[in-house]
Amino acid sequence: MHYDLAILGAGAAGMMAAVFAGEACRHATISPRIAIFEKNTQPGAKVLVCGGGRCNFTNAGPIDFLIRQFGRNGRFLTPALRHMDNKKLQNFFTARGVPSHEETGGKIYPNSNQAKSIVEALLRNIRELGIEIITGMAGAVTAIQRIENTESTENTETTVKIKIKIKTSVLSVSSVPSVFFELVMANGQTHTAKTLLLAVGGMSYPRMGTTGDGYRFARALGHSIVTPRPAIVGLLTQEKWPKSLQGLAVPEVEVMLPPHKKSVRADRMSKGDMLFTHFGLSGPAILNPSEIFAELLESSTTAPLGIDFLPRCSHEELHRMMREWQQKLGKKLLRKMFSEMDGRDFALPQRLAEKWLELEKIPLDQSCASLAAAQMHRLVERIKQSRFTICGTRGFQEAMVTAGGVTLGEVDPHTMQSKITPSLYLVGEVLDLTGPSGGYNLQLAFATGALAGAAMANELVADKHRQK
């Protein structure tokens with residue numbers, strides 16, 4: 001089967017691209033044949049699990065703020081975000097029956113609090129536009145190649161012979177363009193397409209079908225790939241004691257990152273909540289810079305990480321507070337004071353304080369009055385500069401997104417079209433773009449998909465006019 005446009009991947013980027021391409025073509029009064037190929041049986045599988053199934057699909061920050069969240073490569077996103085920023089994205093879904101609201105941290109959720117509302121809205125639009133959705137084995141692409149017809153100039157009626165491994169090796173001149181893509185499917189079928197969009201995601205959550213196919217396809221079509229790494233993923237600690245605090249959440253910590261290449265990220269700290277787990281550390285403050293550790297661990301067996309558990313309180317303030325405990329609250333147990341913090345608006349979980357006392361060999365029944373200066377110093381260091389040795393990540397199996405991907409210098413940011421291979425477009429997680437958790441990566445997917453969809457429609461319209 002020949003298609004004017006083939007979209008590989010029915011995730012956020014692929015579905016949005018299909019909607020924008022289909023609507024633009026309808027507006028131009030042309031009816032190209034468009035299909036989405038998805039190897040999962042369910043479109044939008046990864047979107048359905050985003051935000052714990054609630055789907056925080058964007059963030060309320062201004063465009064410049066959104067761009068900064070993507071580090072050194074963020075500027076690449078400027079045209080896509082101008083085309084589809086967070087406000088336009090919210091309006092897009094509201095117009096399709098999915099109003100939304102803002103929550104803590106600027107996270108935007110559908111009012112239904114169900115990710116399926118987002119997926120169903122896109123699927124309704126896609127079907128209404130007459131776009132085919134091919135799933136399962138029939139939608140699983142195993143190989144792609146770009147084909148150039150070898151057309152005889154002696155007779156315009158002559159058929160075109162194409163060197164491809166399909167049962168019918170002779171196609172009519174009118175059935176395919178002079179240059180096209182051949183898609184080999186898992187069920188043995190072969191399709192062709194004039195224009196191709198790669199929107200198959202990265203390597204994170206492979207159980208959702210994201211197994212790195214996009215990198216393999218892009219490389220086969222001439223692109224170079226920045227090494228994929230797990231990102232927004234939990235970190236393993238060499239220290240065993242964090243595992244004894246499994247399930248304990250600590251709000252508003254500051255994670256101090258090890259020295260790293262400026263090419264990775266410019267910042268040296270990450271702020272937010274953290275979580276102790278059975279394997280080590282997690283939570284937003286840990287997850288967001290995790291790609292840095294994934295890269296550092298490629299060349300070293302371990303990497304250092306520091307945590308300030310009370311960034312709003314200085315060393316001096318903590319020392320002064322503990323001296324006051326000695327003088328005014330002498331009979332009170334030290335382990336209880338950390339969770340009370342003398343009535344202040346910050347405190348530490350008692351379980352964590354007790355673990356620190358244990359590590360410093362301070363009895364749990366020690367009173368504030370007997371707190372020695374050396375003990376005070378060590379406890380302040382534990383609070384302000386706890387040190388951990390990171391020895392691994394939870395890998396792609398648990399990573400929310402993939403860092404790395406198709407080199408951005410090989411993609412036109414104004415259209416998402418490849419600079420290497422004409423009529424090839426690349427969007428979403430397949431690109432070397434990664435943001436933190438909080439709706440940024442879905443905004444990336446929707447924005448690049450929308451821009452590519454509009455650009456691909458322009459190409460289809462131009463082709464139609466040339467044919468006239």
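This is a short chat about reading helix packing, cysteines and one loop residue in a predicted model.

Me: How do people describe two packed helices?

Reply: You give two things for a packed pair: the angle between the axes and the distance between them. Here, take helix 1 (residues 12–27) and helix 5 (residues 115–128): their axes are 9 Å apart, at an angle of about 35°. The crossing of helix 1 past helix 5 is left-handed.

Me: Which residues in helix 1 and helix 5 meet?

Reply: From helix 1 you'll find Met15, Met16, Ala18, Val19, Glu23 and Arg26, and they meet Val119, Leu122, Leu123, Asn125, Ile126 and Glu128 of helix 5. Sort the residues of that contact and you get 8 nonpolar, 1 polar and 3 charged.

Me: OK, cysteines next. How many disulfides does the structure hold?

Reply: A disulfide needs two cysteine sulfurs within 2.5 Å. The count here is 0. Try Cys313: its closest cysteine sulfur belongs to Cys368 and sits 15 Å away, so that's too far for a bond.

Me: Is Cys313 buried or exposed?

Reply: Check the relative accessible area, where under 20% means buried. Cys313 comes in at 2%, so it's buried. Cys391, on the other hand, has 33% relative accessibility and counts as partly exposed.

Me: And where is Asn187 found?

Reply: Look in the loop between strand 10 (179–185) and strand 11 (190–198). Asn187 is partly exposed, at 35% relative accessibility. Leaving aside residues up to four places away in sequence, Asn187 touches Met137 and Ala138. A polar atom of the Asn187 side chain also lies 3.0 Å from the backbone nitrogen of Gln189.

Terms used:
Residues numbered from 1 in each chain as written. Predicted model: local features only at pLDDT ≥ 70, side-chain atom pairs only at ≥ 80, totals over all residues. Heavy atoms only, no water. Axes fitted to C-alpha atoms, helices over the stretch in contact; angles between N-to-C directions. Helix = DSSP H or I, 4+ residues; strand = E, 2+ residues; numbered from the N terminus. Left-handed = near helix turned anticlockwise from the far one by under 90°. Contact = heavy atoms within 4.5 Å. Nonpolar A, V, L, I, M, F, W, Y, C, P; charged D, E, K, R; others polar. Buried < 20%, exposed > 50% of the residue type's maximum accessible area, 1.4 Å probe, protein only. Polar contact = N/O pair within 3.5 Å; in protein donor to acceptor, adjacent residues only side chain to side chain.
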